[in-house]
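Colleague: I'm new to reading protein models, so could you walk me through this one? I'll ask, you explain.

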Amino acid sequence: MNIADIIAGTELTVSTLIDNMPVRLKTKAISVMDGALLVEPMKYHGVPIPAATQATADAVIQPVGEKHSFNLESVVPYENWNDTYYLLRGTEIITEIENQRKAERYVINVLGKAVINHNTTVSAIIYDISIRGLSLLLGKSASANVGDMVRLTFKPEGYSKAFELTLYVVRNFKIGTYEAVGCKMRGIESSLMSYIINVKRQKEEIRKAQSQSRVLVRDESALPEE
């Protein structure tokens, strides 16, 4: 996630050095300008802070409360509207926890129906799922932005009852050439938890079978010729 993906109105905390002293300043996202995030004025003791080429920023995406941290490669003053605003450029810091989150996802490719912000109904493919969230490929001409609410309904093969989930979009990205959205669940029911555990078990059985197959092939090739 790039910091320019942060939506307007999101509050940020920027950490930087001023006179070799660590300083944390509150600001708010305004818009995107020239590939950078334009934020509100940041002042230290009433004075606009200087430009920086090394800083960090923390943002909490509402209404989901998802925290994202960014490594800022530049903090550039932008003089306008009788004040000093700032242009931030940087990318998200991927932590070990984030890597673990990604590793826990399981590809399922299940068709479902999504209602975006109570007013747009589209078909959707659930690309992958975990106990924390899922990734969606939305139908043609449909889109969702960070912070949007999605009401998702889907019924996996072999299940008599459909699952109904309330999700919030936390990031936009691509799966191959397709636009996708990463969503966070608002709570998880026991039935859905059982489904995810079952998907995990099936994936592990497939990997185990494939691993055994590769071992058998290597053992056969190692036999001496008669």
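What follows is a chat that goes from the overall make-up to single residues.

Colleague: Before we start, what kind of model is this, and what pLDDT do local features need?

Modeller: It's a predicted model, with residues numbered from 1 along each chain as its sequence is written. Side-chain values use heavy atoms, leaving out hydrogens and water, while totals for chains, interfaces and linings use all residues, side-chain atom pairs count only at pLDDT 80 or more, and local features need pLDDT of at least 70.

Colleague: Okay, how many helices and strands are there in the protein?

Modeller: Here a helix is a DSSP run of H or I with at least four residues, a strand is a run of E with at least two, and both are numbered from the N terminus. Going by that, the protein has two helices and 14 strands.

Colleague: What percentage of the residues count as buried?

Modeller: Buried means under 20% relative accessible area, exposed means over 50%, and partly exposed is in between (1.4 Å probe, protein chains only). The protein has 226 residues, and the buried share of them is 39%.

Colleague: Which strand gives the most residues to the largest nonpolar core?

Modeller: A nonpolar core is a set of buried Ala, Val, Leu, Ile, Met, Phe, Trp, Tyr and Cys residues joined through side-chain atoms within 4.5 Å. The largest has 27 residues, and those touching the most other members include L134, L152 and F154. Several elements each supply at least two residues, among them β10 (120–129), β14 (178–185) and α2 (190–221). The most, five residues, comes from β9.

Colleague: And how many residues are in the other core, the one with V14 and A29?

Modeller: That core lies apart from the one we just discussed. Its members include V14, A29, I61 and V75, and its size is 23 residues.

Colleague: How do β13 and β14 run, and how many bridges join them?

Modeller: Two strands pair if DSSP finds at least two bridges between them. In this pair, V169 stands opposite C183 in β14. The two strands form a hairpin with two residues between them, and G176 in the turn has a positive phi of about 65 degrees. They run antiparallel, joined by eight bridges.

Colleague: Which residue takes a positive phi in the hairpin of β7 and β8?

Modeller: β7 and β8 pair in the antiparallel sense over ten bridges, and F70 has E92 in β8 as its bridge partner. The hairpin has two residues between the strands. The residue with a positive phi, near 50 degrees, is W81.

Colleague: What is the bridge partner of A55 in β7?

Modeller: Strand β6 (residues 55–61) joins strand β7 (residues 66–80) through seven bridges, and the two run antiparallel. In β7, A55 is matched with L72.

Colleague: How many salt bridges are there?

Modeller: A salt bridge is a side-chain nitrogen of Lys or Arg within 4 Å of a carboxyl oxygen of Asp or Glu. One of them joins E179 and K174, at 3.7 Å from N to O, and both of these residues are exposed. The count comes to four.

Colleague: How many residues apart are D83 and K43?

Modeller: D83 and K43 form a salt bridge, with their closest N and O atoms 3.5 Å apart. D83 is partly exposed at 24% relative accessible area, and K43 is partly exposed at 40%. D83 is in strand β8 and K43 in strand β4, so the pair links distant parts of the chain, 40 residues apart.

Colleague: How far apart are the closest N and O atoms of R151 and E164?

Modeller: R151 is partly exposed, with a relative accessible area of 34%, and E164 is partly exposed too, with 49%. They form a salt bridge, and the closest N and O atoms are apart by 3.3 Å.

Colleague: Last one: is D148 buried or exposed?

Modeller: D148 is found in the loop between β11 (133–138) and β12. Its side chain joins that of N117 in a polar contact of 3.2 Å (a pair of N or O atoms within 3.5 Å; within protein, one must be able to donate a hydrogen and the other to accept it, and residues adjacent in sequence count only if both atoms are side-chain atoms). The relative accessibility of D148 is 15%, so D148 counts as buried.
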